[in-house]
Amino acid sequence: MAVYTPKWGKEVKKALIDNDLSVADLAVTLSCSRIYLSNVIHGREYSSEIVTKVSRQLNIPEMGMCDVLR
C-alpha cells in the first residue's frame, strides 16, 4: 500500500533534504514531538501554528488546510 503525502508535506520533505535536516531535528527546533510533527507533515493531524512555524523555518510557502490534510 502506497503512503499518501499531501502537497505541503512533500514540500517539507524536499526542504528537509535540501537543508540536511531530519524530522527529529526540526521537531527540536520547533519544540514539539517528532511523532506529532510527522503526523502533521503526513496530513494525519492539522495545526495551523505548526504549519506556519515549519513553513517559516524551512522557507516554503504556507498552504491551506486542503493542501496539508490528506
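## A five-helix chain, with a look at α1

Among contacts in the protein chain between residues at least 6 apart in sequence, those that join residues at least 24 apart make up 59%. Please keep in mind that this is a predicted model. The protein chain holds five helices and zero strands, and this briefing goes from the whole chain to helix α1 and then to two loop residues with positive phi.

**The chain as a whole**

- Read from the N terminus on, the order of elements is α-α-α-α-α.
- The protein chain has 70 residues, and 40% of them count as buried.
- About 4,400 Å² of the protein chain is exposed, with carbon and sulfur atoms supplying 51% of that area.

**Helix α1, from its length to its two sides**

- Helix α1 takes in residues 7-18, and a simple length check works well here: 12 residues at 1.5 Å a residue should span 16 Å, and the end C-alpha atoms lie 17 Å apart, which agrees.
- Which residues of α1 are buried? They are W8, G9, V12, A15 and L16.
- These buried residues cover an arc of only 120 degrees around the axis, so they sit on the same side of α1.
- K7, I17 and D18 are exposed, and they are found on the other side of α1.

**D20, just after α1**

- Moving on from the helix, we meet D20 just after α1, with a positive phi of about 55 degrees.
- That positive value belongs to a residue other than glycine.
- D20 is part of the loop that runs between α1 and α2, the latter being residues 23-30.
- Is D20 buried or exposed? Its relative accessibility is 69%, and because exposed means over 50%, D20 counts as exposed.

**S31, in the next loop**

- S31 is also a residue other than glycine with a positive phi, here near 60 degrees.
- Where is S31 found? Its place is the loop between α2 and α3, where α3 covers residues 34-41.
- The relative accessible area of S31 is 68%, so S31 is exposed.

**To take back to the structure**

- On α1, you can look for the side that carries W8, G9, V12, A15 and L16, the buried residues, and then turn to the other side for the exposed K7, I17 and D18.
- In the loops, D20 has a phi near 55 degrees, while S31 has a phi near 60 degrees.

Methods: Residues numbered from 1 in each chain as written. Predicted model: local features only at pLDDT ≥ 70, side-chain atom pairs only at ≥ 80, totals over all residues. Heavy atoms only, no water. Helix = DSSP H or I, 4+ residues; strand = E, 2+ residues; numbered from the N terminus. Expected span 1.5 Å × (residues − 1). Buried < 20%, exposed > 50% of the residue type's maximum accessible area, 1.4 Å probe, protein only. Arc of directions from axis to C-beta. Contact = heavy atoms within 4.5 Å. Areas by Shrake-Rupley, 256 points an atom, 1.4 Å probe, with all protein chains shown as cover.
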